[in-house]
Amino acid sequence: MKRAILFFPLILFIVIGGFLYKGLFLNPQAMPSALEGQPVPEFKLLTVNNPERVVTNKDLTGEVYLLNVWATWCAGCKIEHPHLINIANTGLPIYGINYKDELEAAQQWLKDYQDPYQFTAYDVSGQLGLDLGVFGAPETFVVDHHGIIRLRYAGTIDENIWLNKIKPLVDTIKQEAALVVKS
Amino acid sequence: MIPELGNFSLIVGLAFAVCLSIIPLVGVNRNNLTLVRYARPLTFGMFFFVALSYGLLTYSFIIDDFSIAYIVQQSNTHLPIQYKIAAVFGGHEGSLLFWILTLCIWAVALAMTSRNLDEAFVARVLAILGMIAAGFFFFTLLTSNPFNRIIFDIPVEGRDLNPLLQDIGLILHPPMLYLGYVGFSVAFAFAVAALMSGRMDAAWARWTRPWTLAAWAFLTGGIVLGSWWAYYELGWGGWWFWDPVENASFMPWLIGTALIHSLSVTEQRGQFRNWTVLLAISAFSLSLLGTFLVRSGVLNSVHSFAADPSRGMFILLLLAIAVIGSLTLFAFKASDLKAPSNFELFSRETLMLVGNVALVVATATVLLGTLYPLLVDALGMGKISVGPPFFNAVFNPIISAMVVVMAMAPIIRWKKNKSGTFVKELGLIAVVSVLFGLAFPVVYGGEFIGWVAIGMGLAFWLTAATLKNAKINITNAQGKVDVTKPTQSYWGMVVAHIGIAISIVGATLVSHYETQLDIRMDSGDTVSLSGYEFKLERVIDVEGPNYSAKQAHISAFEDGEQVALLKPERRVYLVQTMGMTEAGIDSTLMRDLFVALGDPLDNDAWAVRIYVKPFINLLWLAGALIMVGGFMCMTDRRYRSRKKAKASDKVDEAAVSGQPA
């Protein structure tokens, strides 16, 4: 019986090794597309700018917008931030989700670097992030006028990504929306 | 011709490694001393050819041989010479060759200094090192050969070394880290040899311990240098990010810390043998796991190296062979022997065990946090990330508990201690520590912060208890002070433990009291932060050997007096056209002024980031102390003994009644 315990480290390693093996065939950059084509998950959160204001899905606009997950502990978010401000200046609404962060730090961030967001939902527990399947910050979702997620982008948005990946899709969605109104 | 010669040397080195892993073991098995004695010459041969191969690759870098694909990727004719030499280990292929070279250095060092040890035992250890080397030779030659040639269209210029790596940090950090990482292979080989021969005795622990201490001290240095490099070069302003790659080097360090303490118990009391063996296996396994995580790209990391599944597969295979092999051996051959002596609840053995368990639990949480995204993904439960909040919330309490025990362990006696004397010696210190901790944040920062109180209280407790113990130990029977009375390894322990206390102070203060300002500045603008005034004097153009840069001159004033002129730069490297921020830092022991130049804004204005970081330099100082402490223990007289060490199960009584290690 005592000898059986000595096998425990071996078994533990074999289990971990199995996961590592499986990990080789997964791409941490690749996104599950499960949420693409799905509506934005239900949420009810306070905002960073005004910790007494409650926001839900209903507060998101009926036109195309970006949903941006960020945090002050995330280095990529800092790099991305100026680009978000440029994008917001083009008139495209951006909503922020402040992910597993400290309230004061997040408020300071918005004060220091300008605030490109319509509002930022304060997702301190990471529940909305979990529902969105977020695996890290920054991440950005393109949501259409029906509230359906059309694209998920994990990683830092720069000029290149914006022009080649996101803006074309946003323009397409805008055209779709215009068609609906006409017909 | 030269690269082919390098490649050929590498293959010859492999041949030596294969022979080394077979011949001495056959010799031991057949009791054939001639074969056993082949171990040393084979080790020297393996080392010679690896060193030759590495030298030839370095030579090719220096003469800019762009017919080698690896050099095209890593170098450029304009790259300064010291970076050409360092660039050899700056990429994947070269770093593997460097890994093997480091392993061979350790093996040669062992072969040269182990003449007093049991011949068969050393042969086994060297054979195991040979096996590990052979695995990495195959890895390098089959998946990542640095000598691969470009046959057609040989480029006239290289793509240049990644600008982030063109720094003194690249020259210092990887060699130190590798010496530590790879050094645990020696402890591993000792442990496996002990399992094979069924000899896990005090003598075995005594042979292993200096090697483990050396590896651990190097790893300490490597981690601290890495942290320092990230802090000042990457311009992120932080010093620890709980990034997978950082964790990959931190986990072996934590287990290595447990191992050097557990070895000390095995050496002096004959206890914890199976535990020690298991730790030695774990330390090396975690080093290999770190190599796997860094090289295979299974996790997202700020250290984004090129990922390649076939390489990951190969390392996983090496990891599996090493770990499954050694743990199976462990399961069948772990010592059944009852420990020669017993200990009571209130003894140093108990505290060492508690500290060890805390370190292992801390390692397990770091491992869990590091692998969790992978586990969840592999189970098809989606993608998640684990950020610093998890690590801080879980790691800090465990380590705090460990520090409480750590201060007491050197004071309490082996085997059994009277509780009365213990309270007398430490009671007052405990009370003062709690009061000091509670008062500190209020006095220093003006408001009470729980973690600051805990951190400062613990640091005080550890320092005071260690010094008090040292004071008792240097007082000889006549009541006179005699610093030579305790052993050198005792002083090493004191230095390292004080180092830990200082690192706690540094980490606590900089985490809670640093201030930061991101602001737009025109020439002539002045801003103030934490009692300092910063004035942007001007921004000028400067030219480096392979980059051009904008350099800002920012004067820092304290109470109207200039204390520093900071020169942060924004560089553009010509070949990779990559922008880089070079921070301007003014350091004193009390604080760092850290200025980074951001994006140029309109009208000659610049985005500037300013930090005032109190006591961050204590972290580097602490790292140096811990490392020095490790080396002091390692060079203790008892490990240098010229006498042939006797293999016996008997506990060394002299060491028991002497000083703690």
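**Fold, cores and local geometry of the predicted complex**

Along its sequence, chain A runs through the pattern α-α-β-β-β-α-β-α-β-α-β-β-α. In total, six helices and seven strands are assigned to chain A. The model is predicted. The predictor gives an ipTM of 0.76 and a pTM of 0.81 for the complex. For chain B the mean pLDDT is 87. In that chain, 91% of the residues reach 70 or more. One stretch of chain B scores low: pLDDT stays under 50 over residues 642-661. For this stretch the model has 42 contacts beyond four places in sequence.

Chain A is considered next. Of its 183 residues, 34% count as buried. Its contacts reach far along the sequence. Among those between residues at least 6 apart, 74% join residues at least 24 apart.

Helix H3 of chain A covers residues 75-89 and has a kink of about 40°. The kink lies at A:His81, shortly before the proline A:Pro82. A:His81 is also one of the buried residues of H3(A). The others are A:Cys77, A:Glu80, A:Leu84 and A:Ile87. After H3(A) comes A:Gly91, with a positive phi near 100°.

A positive phi also occurs in chain A at a residue other than glycine. This is A:Lys100, where phi is near 45°. A:Lys100 sits in the loop between strand E4 (94-99) and helix H4 (103-113) of chain A. A:Lys100 counts as buried because it has 22 C-beta neighbours inside 10 Å, and the cut-off for burial is 20 or more.

In chain B, B:Trp242 is likewise not a glycine, yet its phi is positive, at about 50°. B:Trp242 belongs to the loop between H9 and helix H10 (244-269) of chain B. Its surroundings hold 19 other C-beta atoms within 10 Å, so B:Trp242 is partly exposed.

The domain assignment divides parts of chain B into three domains. Domain 1 takes in residues 1-166. Domain 2 is made of two segments, 418-513 and 618-627. Domain 3 spans 515-615. Between the C-alpha centres of domain 1 and domain 2 of chain B the distance is 44 Å.

B:Phe147 lies in the loop between helix H7 (119-143) and helix H8 (168-197) of chain B. B:Phe147 is buried because 25 other C-beta atoms lie within 10 Å. Outside its neighbours within four places in sequence, B:Phe147 is in contact with B:Pro3, B:Gly6, B:Asn7 and B:Ile68. B:Phe147 and B:Phe8 are separated by 139 residues in sequence. In space, their C-alpha atoms are 9.8 Å apart.

Strand E10 of chain B, residues 606-614, is mostly covered. Seven of its nine residues are buried. Two strands pair with E10(B), and the sense is antiparallel for each. Strand E1 (residues 515-521) pairs with E10(B) over seven bridges. Strand E9 (residues 591-600) does so over eight. B:Val608 in E10(B) takes part in pairing with each strand. B:Ile519 stands opposite B:Val608. B:Leu597 has B:Val608 as its bridge partner. E9(B) and E10(B) form a hairpin with five residues between the strands. In this hairpin, B:Asn603 has a positive phi near 55°.

Nonpolar side chains tend to be buried together in soluble globular proteins. In this model, the largest nonpolar core has 206 residues. The members that touch the most others are B:Ile100, B:Leu126, B:Ala133, B:Ala187, B:Phe190 and B:Ala280. Helix H9 of chain B, residues 202-232, gives the most to this core, with 19 residues. One member, B:Ala133, touches B:Ala17, B:Met46, B:Ile100, B:Leu103 and B:Cys104, when residues up to four places away in sequence are not counted. Another core, of 30 residues, lies apart from the largest one. Its members include A:Val64, A:Leu67, A:Ala121 and A:Val170.

How values were computed: Residues are numbered from 1 along each chain as its sequence is written. Chains are lettered from A and ligands numbered from 1 in the order in which they are written. This is a predicted model: local features need pLDDT of at least 70, side-chain atom pairs count only at pLDDT 80 or more; totals for chains, interfaces and linings use all residues. The bend at a residue is the angle between axes fitted to the seven residues ending there and the seven starting there. Helices (H or I, at least four residues) and strands (E, at least two) are DSSP runs, numbered from the N terminus. A residue is buried if 20 or more other C-beta atoms lie within 10 Å of its own, exposed if 12 or fewer, and partly exposed in between; C-beta atoms are placed from the backbone. Two residues are in contact if their C-beta atoms, placed from the backbone, lie within 7 Å. Two strands pair if DSSP finds at least two bridges between them. A nonpolar core is a set of buried Ala, Val, Leu, Ile, Met, Phe, Trp, Tyr and Cys residues joined through C-beta atoms within 7 Å. Domain bounds come from an automatic or database domain assignment. pLDDT is the predictor's confidence in each residue, from 0 to 100.
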